[in-house]
Amino acid sequence: MTSERNPDAVDPYKPITVGKNQRLKLTTEEPFTPTYVRQALTLSSDPAGTYASRVKNRHVLLENPIRESRAKKERAAKQARKQVEGNTRKLKALGRNAAEAKGLWKLEKNATKFNLFVPLHQLWMGYMSELLGLAAPDSSSSFEGKMPSSSSMHAKLVKADLHGSLLTVRRSRNPCLVGLSGIVIHETENAFKIVTRKDKLKLVPKQNSIFAFATPFYSTLPPSSSEREPAQTQQSPAEPLTVLDRPYIEFDLHGNQFCFRSADRSSRKFKSKETIEL
């Protein structure tokens with residue numbers, strides 16, 4: 001078998017001789033792409049027209065990417081939602097058990113000072129003044145006609161936050177607790193944690209106890225801009241004031257009917273019950 005060799009054919013295996021510092025240039029009589037397309041389109045009646053209309057001067061994707069299935073897209077979307085939900089859970093507040101495990105509710109011994117929590121108590125008085133809508137004090141000494149409505153106050157007080165209030169144990173089955181008074185720094189479902197005037201931290205159970213706490217009679221919020229100038233002339237007292245150092249209204253709190261967390265009381269509907277004697 002003999003093969004005839006075309007003298008005009010280019011031998012692709014022929015060594016390329018290029019001089020030093022010279023660029024290699026490959027030239028052909030016809031571009032490769034038009035020739036390849038015209039030869040590949042054997043079923044087309046007009047390969048040249050097909051090339052001119054569909055290939056020439058266009059970006060042709062030589063590799064066809066694999067399309068993702070619908071099930072794969074749904075799995076990816078589900079994993080993305082789970083990741084977002086996991087990040088949201090991490091941003092939520094710590095639970096009660098996690099907070100106790102990290103010692104967030106533990107108070108150092110040198111921090112159990114009554115005067116350290118008086119600013120919290122004064123902040124609570126301003127909170128009660130705004131919650132109950134108390135009127136500002138005036139120059140007259142008469143209290144007639146200025147007493148707030150007790151019916152509207154009771155509905156707000158049962159849902160109020162007591163952190164910072166000045167609480168006193170009036171009656172209790174444990175006689176050692178009677179007369180104990182202090183600022184509430186933590187309220188749980190079954191107990192109050194208070195700091196007394198003797199700088200002692202006490203845990204007082206709610207069960208079988210009756211407490212007394214007072215709210216200011218007048219508003220303790222700062223006066224308006226028109227009344228601020230004459231108020232500045234008054235000298236501030238040497239010691240911080242509590243609610244008992246000014247006109248106040250006192251309420252009784254029955255612990256047996258108050259065994260709820262502070263957050264639960266804000267959304268709970270209370271019903272009137274008969275007073276249960278200890």
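The core feature here is an open sheet of six strands, with antiparallel pairing and the order 4-3-2-1-5-6; strands (E, at least two residues) and helices (H or I, at least four) are DSSP runs numbered from the N terminus, and two strands pair if DSSP finds at least two bridges between them. This is a predicted model, in which local features need pLDDT of at least 70 and side-chain atom pairs count only at pLDDT 80 or more, while totals for chains, interfaces and linings use all residues. Residues are numbered from 1 along each chain as its sequence is written, and side-chain values use heavy atoms, with hydrogens and water left out.

Strand 4 (201-205) and strand 6 (248-254) sit at the edges with a single partner strand each, so one side of each lacks a neighbour in the sheet. On average, neighbouring strands are turned by 40° against each other, direction ignored; axes are lines fitted to C-alpha atoms, for helices over the stretch in contact, and angles run from 0 to 180 degrees between N-to-C directions. Seven bridges join strand 5 and strand 6 in the antiparallel sense, and Thr215 has Ile249 of strand 6 as its bridge partner.

Two helices pack on this sheet. Helix 5 (residues 118-132) touches strand 1 (166-172), strand 2 (181-187) and strand 5, its direction making about 75° with that of strand 5. Helix 6 (residues 150-157) touches strand 5 and strand 6, at about 55° to the direction of strand 6. Contact means heavy atoms within 4.5 Å.

These helices also meet each other: the axes of helix 5 and helix 6 come within 10 Å and cross at roughly 125°. That makes helix 5 oblique to helix 6, given that angles under 35 degrees count as roughly parallel, over 145 as roughly antiparallel, 65 to 115 as roughly perpendicular and the rest as oblique. Met128, Leu131 and Leu132 of helix 5 make the contact with Met153, Lys156 and Leu157 of helix 6.

Back at strand 5, the loop between this strand (209-216) and helix 7 (225-232) holds Ser219. At 14% relative accessibility, Ser219 counts as buried (under 20% relative accessible area, with exposed over 50% and partly exposed in between; 1.4 Å probe, protein chains only). A polar atom of the Ser219 side chain lies 3.3 Å from the backbone nitrogen of Leu221. Neighbours within four places in sequence aside, Ser219 is in contact with Ser129, Leu134, Ala135, Ala136 and Pro137.

Notes
Polar contact = N/O pair within 3.5 Å; in protein donor to acceptor, adjacent residues only side chain to side chain.
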